[in-house]
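User: I have a protein structure open and would like to learn how to read its features. Could we go through them one at a time?

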Amino acid sequence: MPCTRHVVAVDVGGTETKAALVGITDSGEAVVLDRRRRPTPRPEDGDTAATGVIDLVVTLVDELRADPRLAGNHPDGIGVVVPGIVDEERGVGVMSANLGWRNVPFRELIGTRTGLPVAFGHDVRAGGLAEFRLGAARGLTDAVFLPIGTGIAGALILGGRLHGGGGYAGEIGHVDVGHGEPCRCGQRGCLEHVASSAAVARRYTARTGRPVAGAAEVAAAVREGDRDAVAVWDEAVRSLARGILLLATVLAPEAVVLGGGLALAGDLLTRPLAEHLDRLVSFQRRPELRLAQLGDQAGCLGAALLAADLTATAGPAKAG
């Protein structure tokens, strides 16, 4: 079926930025036509950090709008999602602890430079939107999408709707799980500091003196019986169980959908996590643990859905 509209979707991650050209059909189906990946800029200065990300987004948009399938036409809109505290209504990145910006008007700046309408949102909530409409959370009324990557945050689906809390909801990565160590956010004991994919790799290297490229290498070492890897992994899983118990106590979700780099470990994560959670739960509704279905494309697909919704003349788009 031919595409009658096109959008560019950009998912700015803590480590990598993904972009896609997505075609929208008359029936509202979305078809990924082209993809790009780039490292996310990480300079020290906060203003420069935001500028580098905006420059990258504009570069990716320019590359994808040159796709010959557009036949010289402009995309109808852009969907951009970023991490941290995000005010979707104002189009502002309020704060990112990992990427070092504060109060950046991304929607306005990107729209001015590209000349296109911009749908702006939070990377995790966008991923949650995609999993809710298309993936592992379909059919649920209350659920949490919990990607575990460079950082940890949750997308909250309550009563069948995404809950943003003015941009502040879902920051489960910065609850105190009791380890007492300082986090870059300024607090101590944060879940993200020991249980994110980046933290697992960092802590294994600090413990052993052996650098690893990421949490996947630590997971492989766990499967081989490496005692140091097992210790780091168990600490991460125990902390995740405490974080999920908090979600269960306050929100009582039917399921927690696990995504991000750590979830790629599959049952190496879910089996011990379920065991720890079973020991912790007393009166709470014990949420089902599900693995995300959309992989590392959830945020990008969610950005495409936001852009398609913004530019739609009748109803939201669906992915196909």
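User: Which residue of β2 stands opposite Ala 9?

Analyst: Ala 9 stands opposite Ala 20 in β2. Keep in mind that the model is predicted. The two strands involved are β1, residues 3–12, and β2, residues 16–25. They pair in the antiparallel sense, over 9 bridges.

User: How many residues join β1 to β2?

Analyst: The hairpin that joins β1 to β2 passes through 3 residues.

User: Why is β2 described as largely enclosed by the rest of the structure?

Analyst: To judge this, look at how many residues of the strand are buried, where buried means under 20% relative accessible area. In β2, 9 of the 10 residues are buried, so the rest of the structure largely encloses this strand.

User: Is His 6 buried or exposed?

Analyst: His 6 has 12% relative accessibility, so it counts as buried. His 6 is found in strand β1. Leaving aside residues up to four places away in sequence, His 6 touches several residues, including Leu 21, Val 22 and Gly 23. Its list of contacts also holds Leu 33, Leu 70, Pro 75, Asp 76 and Gly 77.

User: Next, aromatic rings. How many aromatic pairs does a search of the whole structure find?

Analyst: The search finds 2 aromatic pairs. To read a pair, take the distance between the ring centres and the angle between the planes; planes under 30 degrees apart count as stacked, and over 60 as edge-to-face. Trp 101 and Phe 106 are 4.9 Å apart centre to centre with 65 degrees between the planes, so this pair is edge-to-face.

User: Why is the pair of Phe 106 and Phe 120 stacked?

Analyst: Their ring planes are at 15 degrees and their centres are 5.5 Å apart, so the pair is stacked. Phe 106 lies in helix α2, residues 106–114, while Phe 120 lies in strand β8, residues 118–122. The pair therefore ties together parts that are 14 residues apart in sequence.

User: Which residues form the aromatic cluster?

Analyst: Trp 101, Phe 106 and Phe 120 form one cluster. As for accessibility, Trp 101 is buried at 2% relative accessible area, Phe 106 is buried at 1%, and Phe 120 is buried at 5%.

User: Which residues of α2 are buried?

Analyst: In α2 the buried residues are Phe 106, Ile 110, Gly 111 and Thr 114. With a helix, ask next where such residues sit around the axis. These four cover an arc of only 115 degrees, which puts them on the same side of α2. The face turned away from that buried side carries the exposed residues Glu 108 and Thr 112.

User: What follows α2?

Analyst: Gly 115 follows the helix, and its phi is positive, near 70 degrees.

User: Which residues other than glycine have a positive phi?

Analyst: Asn 103 and Ala 252 are among them, each with phi near 50 degrees. Asn 103 is found in strand β7, residues 101–104, and is exposed, with a relative accessible area of 52%. Ala 252 is found in the loop between α7 (227–251) and β12 (255–259). Ala 252 is partly exposed, at 28%.

User: How is empty space found, and how much of it lies in the second largest pocket?

Analyst: A probe the size of a water molecule is rolled over the atoms, and this shows where empty space is left. In this structure, the second largest pocket holds about 280 Å³ of space. It is lined by 14 residues, and the closest to its centre are Glu 88, Gly 121, Arg 125, Leu 162 and Leu 306.

User: Which element gives the most to that lining?

Analyst: β8 gives the most, with 4 residues. At least two lining residues come from each of β8, α3 (123–134) and β11 (161–163).

User: One last residue: where is Thr 270 found, and what does it touch?

Analyst: Thr 270 is found in helix α9, residues 267–280. Its relative accessible area is 18%, so Thr 270 is buried. Not counting residues up to four places away in sequence, Thr 270 touches Leu 258, Leu 289 and Leu 291.

Terms used. Residues are numbered from 1 along each chain as its sequence is written. This is a predicted model: local features need pLDDT of at least 70, side-chain atom pairs count only at pLDDT 80 or more; totals for chains, interfaces and linings use all residues. Side-chain values use heavy atoms; hydrogens and water are left out. Buried means under 20% relative accessible area, exposed over 50%, partly exposed in between (1.4 Å probe, protein chains only). Contact means heavy atoms within 4.5 Å. Two strands pair if DSSP finds at least two bridges between them. Rings of Phe, Tyr and Trp (its six-membered ring) pair if their centres lie within 6.5 Å; planes under 30 degrees apart count as stacked, over 60 as edge-to-face and the rest as tilted. The arc is that of the directions from the helix axis to the C-beta atoms. On a 1 Å grid over the protein atoms alone, a cavity is a set of points where a 1.4 Å probe fits but cannot get out, and a pocket is an open set with protein on both sides within 12 Å along at least five of seven lines; lining residues have an atom within 4 Å of a point. Grid points are joined across faces, edges and corners, and a volume is the space filled by probe spheres set on the points.
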